[in-house]
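Got the viewer open? Here's a short tour, one selection at a time.

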Amino acid sequence: NTLTKVVEEGFTEDAIASSMNTIEFQMREFNTGSFPKGLSFMLGSMSHWLYDKSPTDGLKFEEPLAQLKASIAESGSKEF
């Protein structure tokens with residue numbers, strides 16, 4: 001069973017690295033397709049602003065991404 005194998009052995013380093021590269025590229029590219037970019041930015045900021053957080057927090061990804069990378073470098077697939 002694939003899920004049992006993943007639970008027991010974890011993900012390979014290559015699988016984690018390729019997934020992280022894909023996620024990072026998508027975040028930097030911010031391709032919204034035919035959906036207006038400004039509206040995407042507004043919705044991203046509103047999700048934080050509605051709960052008394054800074055509206056710009058919903059648009060920042062560099063620091064959380066760096067933290068995730070550091071955590072993966074430290075513990076590997078145990079992060080997941």
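## Stop one: helix α2

Start by selecting I16, M20 and E24, the buried residues of α2. Look down the helix axis and you'll find them on the same side of α2, because they cover an arc of only 60° around that axis. Keep in mind as you go that this is a predicted model.

Next, bring up α4 (62–75). Part of what covers those buried residues of α2 is α4.

Now flip the view. Select D14, N21, F25 and Q26, which are exposed on the other side of α2.

Before moving on, put a distance between the end C-alpha atoms of this helix. How far does α2 reach from its first C-alpha to its last? The span is 24 Å for 17 residues, close to the 24 Å expected at 1.5 Å a residue.

## Stop two: just past the helix

Step off the end of α2 and select F30. Just after the helix, F30 takes a positive phi of about 50°, although F30 is not a glycine. Why stop for that? Most residues other than glycine have a negative phi. F30 sits in the loop between α2 and α3, and its side chain leads to the next stop.

## Stop three: the aromatic pair

Add F41 to the selection and show both rings. The structure holds one aromatic pair, and this is it: F30 and F41 are stacked, 4.6 Å centre to centre with 15° between the planes. The stacked label fits because planes under 30 degrees apart count as stacked.

What does the pair tie together? F30 lies in the loop between α2 (13–29) and α3 (37–49) while F41 belongs to helix α3, so the pair links parts that are 11 residues apart in sequence.

Are these rings tucked away? Switch on the surface and compare. F30 is partly exposed at 29% relative accessible area, and F41 is partly exposed too, at 38%.

## Stop four: the other loop

Last selection: D52, in the loop between α3 and α4. What is the phi of D52 near? It is near 60°, another positive value in a residue other than glycine. Leave the surface on for this one: with 76% relative accessibility, D52 counts as exposed.

For a parting view, show F30 and D52 together: F30 is in the loop between α2 and α3, and D52 is in the loop between α3 and α4.

Terms used:
Residues are numbered from 1 along each chain as its sequence is written. This is a predicted model: local features need pLDDT of at least 70, side-chain atom pairs count only at pLDDT 80 or more; totals for chains, interfaces and linings use all residues. Side-chain values use heavy atoms; hydrogens and water are left out. Rings of Phe, Tyr and Trp (its six-membered ring) pair if their centres lie within 6.5 Å; planes under 30 degrees apart count as stacked, over 60 as edge-to-face and the rest as tilted. Helices (H or I, at least four residues) and strands (E, at least two) are DSSP runs, numbered from the N terminus. Buried means under 20% relative accessible area, exposed over 50%, partly exposed in between (1.4 Å probe, protein chains only). The expected span of a helix is 1.5 Å times one less than its number of residues. The arc is that of the directions from the helix axis to the C-beta atoms. Contact means heavy atoms within 4.5 Å.
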